[in-house]
Amino acid sequence: RLKDDITIDHESRLAYSDALLVFTGIDKDGVYNLYGIPFSGTAKTDSAYELIENAKNASAVEGLGGFVFEKPDSMNNIQLWIPNREKTIALPPINVGIDGTCDNPIGEAYKGKWRFWFLCEDPNYPDEPLLYYHDMETQVAIPNDINYM
């Protein structure tokens with residue numbers, strides 16, 4: 001169940017991470033927010049609660065008790081959320097150092113490590129976004145070779 005002033009964004013994907021179902025909702029002011037419904041042995045509810053303001057498109061990663069998501073209308077807007085981390089300790093954005101906004105983050109487990117993929121504006125070709133990936137081992141976002149083939 002949602003409050004009456006929240007609408008589900010049906011174009012956004014669902015994420016299931018660490019016994020938490022995460023989805024994008026739009027509040028009465030037109031702001032995208034991430035909402036969660038916990039599903040575990042100790043916490044069961046049929047009501048959603050707000051997880052992160054001004055956020056959308058969460059993507060869970062197998063083996064990681066968190067998710068990657070997009071902060072709309074901001075630079076360095078691909079973020080990683082890990083539960084039980086103090087709010088005062090901010091994780092660096094996944095797309096730090098990339099000019100332009102990025103969107104549609106997807107996470108994956110790869111050879112025992114985590115990678116994140118996303119699209120970013122290409123200043124030279126505004127209608128052709130570049131595909132980037134961020135490897136958690138190197139902590140660097142790199143354009144994928146497919147962009148040049």
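This report looks at one sheet and the nonpolar cores of a predicted model.

Residue numbers start at 1 in each chain, following the sequence as written. Local features need pLDDT of at least 70, side-chain atom pairs count only at pLDDT 80 or more, totals for chains, interfaces and linings use all residues, and side-chain values use heavy atoms, with hydrogens and water left out.

Let's start with the sheet. Four strands (DSSP runs of E, at least two residues, numbered from the N terminus) make an open sheet ordered β9-β10-β11-β12, with antiparallel pairing; two strands pair if DSSP finds at least two bridges between them. At the edges sit β9 and β12, each pairing on one side only. From one strand to the next, the twist averages 25° (axes are lines fitted to C-alpha atoms, and angles run from 0 to 180 degrees between N-to-C directions).

| Strand | Residues |
|---|---|
| β9 | 102-110 |
| β10 | 113-120 |
| β11 | 130-135 |
| β12 | 140-143 |

Seven bridges tie β9 to β10, and Gly107 faces Phe116 of β10.

Phe116 turns up again in the largest nonpolar core (buried Ala, Val, Leu, Ile, Met, Phe, Trp, Tyr and Cys joined through side-chain atoms within 4.5 Å; buried means under 20% relative accessible area, with a 1.4 Å probe and protein chains only). Of its 14 residues, Ile94, Ile98, Phe116, Phe118 and Tyr132 touch the most other members. β7, β8, β10 and β11 each give two or more residues, and β10 gives the most, three. Beyond its neighbours within four places in sequence, Ile94 has contacts (heavy atoms within 4.5 Å) including Val68, Leu80, Phe118 and Met136. Another core, of 10 residues, lies apart and includes Ile52 and Phe69.

Definitions and conventions
Buried < 20%, exposed > 50% of the residue type's maximum accessible area, 1.4 Å probe, protein only.
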